[in-house]
Amino acid sequence: MPVRGIAGSDYLKVRTDFKIIKNPYGDDDILLVPAISPDISLIHAFRADRFGNCVLNSALDDALLARASDKVIISAEEIVETSELKSSQRGNFVSRVHVSAVVRLPGGAAPTSCGTYYREDEAALLKYLEAAKDPERLAAYLREFSLSHCQGGI
Amino acid sequence: MTHASLPYTTEELMATLIAREISNGETVAVGTFSPVPASGALLAKASHAPDSEVFIMGSRDWWPFSEGSLEFFSLAQRGRFDFFFLSGAQIDSRGNINLHAIGDYSRPKVRLPGGAGSAMLYCMVKKVILFKADHTVKSFVQTVDFISSAASSPPAHYRPGGLHQVITPLAVLVRSAATGSLELRSVHPGASAEDVRANTGFNLPDYSGGVTETAPPGPEELKLLRGPVRESVARIYPRFAGQAFRS
């Protein structure tokens, strides 16, 4: 993929897969970078239907990620009828064409925020930061967290 | 670095300096972890630049895009941003910045979060302001250990943008068009040119047009910063808003 800029930085020294070519449509040089195609993406949706059609947070790159990945697993706050799936101001509709599996997972974005569903949980984030310093405390945090946050989701 | 004797905080001063650079109608983009630039952009919008477009990553109120950062970076690739703000663990005498690794790249002393979009934005945004929460010999170095964003590009590459100013808690630096090196443009109240040089790890000549004392924030600027700007910034950076502004 062509990208303007970046040349002059040390990334060109450590990323030998970045190439510079003559711009075929101009007289300048232009950088090419390889596309990133994830094998699997896990994406949390606002809503999904049972076929995998879904509405994703439009402030994030989730729709792009869904289109770029080989396999896409969607978790969703709500599973609804197809007729109830619409793009909204903050949501992008993504077709089931891109989706491999759907999981109902209310609270799946916690302790970060999820659109109009819930705000970030600052106390939990600070607790995580503290727990992340030690593997045992982290394991305990994750156990407690999954019990308290994923009501009926798993 | 805040001097208790001054009637404003360092963050209020730096945000004011950023705001003053923005002209009405210009498009201003603010990235992540940038509360001071966000405050500066919102101050400009609330005062002399009401027709400016302001985009702030991570904000619900100032992020109108429906394709996440894809749409944002596409605008940048088209050269549509007048201002962006970068910082770095290291900034060098030429204006290169390092957000990637301290020490040798293959065996770093400290592995930093990485440059993200900065290598591209530094080239494609017309005026990039570098801001730094500390001004020390460790952060202002002769040559950065790793150039994650280059102040200059090979001549064959299209580059419409680059460094506009460096704003620190002590001073404003600019890049000399003649030598390509940073020069001292103005010194903030409470500091001296000697202080700035003693805390800079490279030779810092005076700006060819002369060094001035930075004009401090005026009453109207402080009123807006402590009122509507603080309120708006608190929705993105609640902790910062609680500490950076004086009551």
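Me: In chain A, which strand does β1(A) pair with, and in which sense do the two run?

Reply: A pairing is read from the bridges between two strands and from their relative direction. In this predicted model, β1(A) is joined by 2 bridges to strand β3 (residues 29–32) of chain A, and the two run antiparallel. One point of register is A:V3, which stands opposite A:L31 in β3(A).

Me: What is the strand order of the open sheet that holds β1 and β3 of chain A, and which are its edge strands?

Reply: The order of a sheet lists its strands by neighbour rather than by sequence. Here 3 strands form an open sheet in the order β1-β3-β2 (chain A), with antiparallel pairing. The edge strands β1 (2–3) and β2 (19–22) of chain A each pair on one side only.

Me: How should side chains be pictured along a strand?

Reply: In a regular strand, side chains alternate between the two faces of the sheet.

Me: With which strands does β4(A) form bridges, and are they parallel or antiparallel to it?

Reply: Each partner is to be read separately. Strand β4 (residues 40–48) of chain A runs parallel to strand β6 (residues 71–79) of chain A, and 8 bridges join them. Within that pairing, A:H44 has A:S75 as its bridge partner in β6(A). With strand β5 (residues 54–57) of chain A, β4(A) shares 2 bridges in the antiparallel sense, and A:A48 stands opposite A:C54.

Me: What lies between β4(A) and β5(A) in their hairpin?

Reply: The backbone angles of the linking residues are the item to inspect. The hairpin has 5 residues between the strands, and A:G52 takes a positive phi near 105°.

Me: Turning to chain B, why is one side of β5 and of β9 left without a neighbour in the sheet?

Reply: The strand order must be established beforehand. The open sheet of 3 strands in chain B has the order β5-β4-β9, with mixed pairing. β5 (97–98) and β9 (140–141) of chain B stand at the edges, each with a single partner strand, so one side of each lacks a neighbour in the sheet. Strand β4 (residues 90–92) of chain B pairs with β5(B) in the antiparallel sense over 2 bridges, and B:I91 has B:I97 as its bridge partner.

Me: How many residues does each chain bring to the contact, and which element of chain B gives the most?

Reply: One counts the residues on each side, then assigns them to elements and classes. Chain B contributes 24 residues and chain A 19 residues. On the side of chain B, α3 (68–77) and α4 (118–124) each supply at least two residues, and α4(B) gives the most, with 5 residues. By class, that side has 14 nonpolar, 9 polar and 1 charged residues.

Conventions. Residues are numbered from 1 along each chain as its sequence is written. Chains are lettered from A and ligands numbered from 1 in the order in which they are written. This is a predicted model: local features need pLDDT of at least 70, side-chain atom pairs count only at pLDDT 80 or more; totals for chains, interfaces and linings use all residues. Two strands pair if DSSP finds at least two bridges between them. Helices (H or I, at least four residues) and strands (E, at least two) are DSSP runs, numbered from the N terminus. Two residues are in contact if their C-beta atoms, placed from the backbone, lie within 7 Å. Ala, Val, Leu, Ile, Met, Phe, Trp, Tyr, Cys and Pro count as nonpolar, Asp, Glu, Lys and Arg as charged, and the others, Gly among them, as polar.
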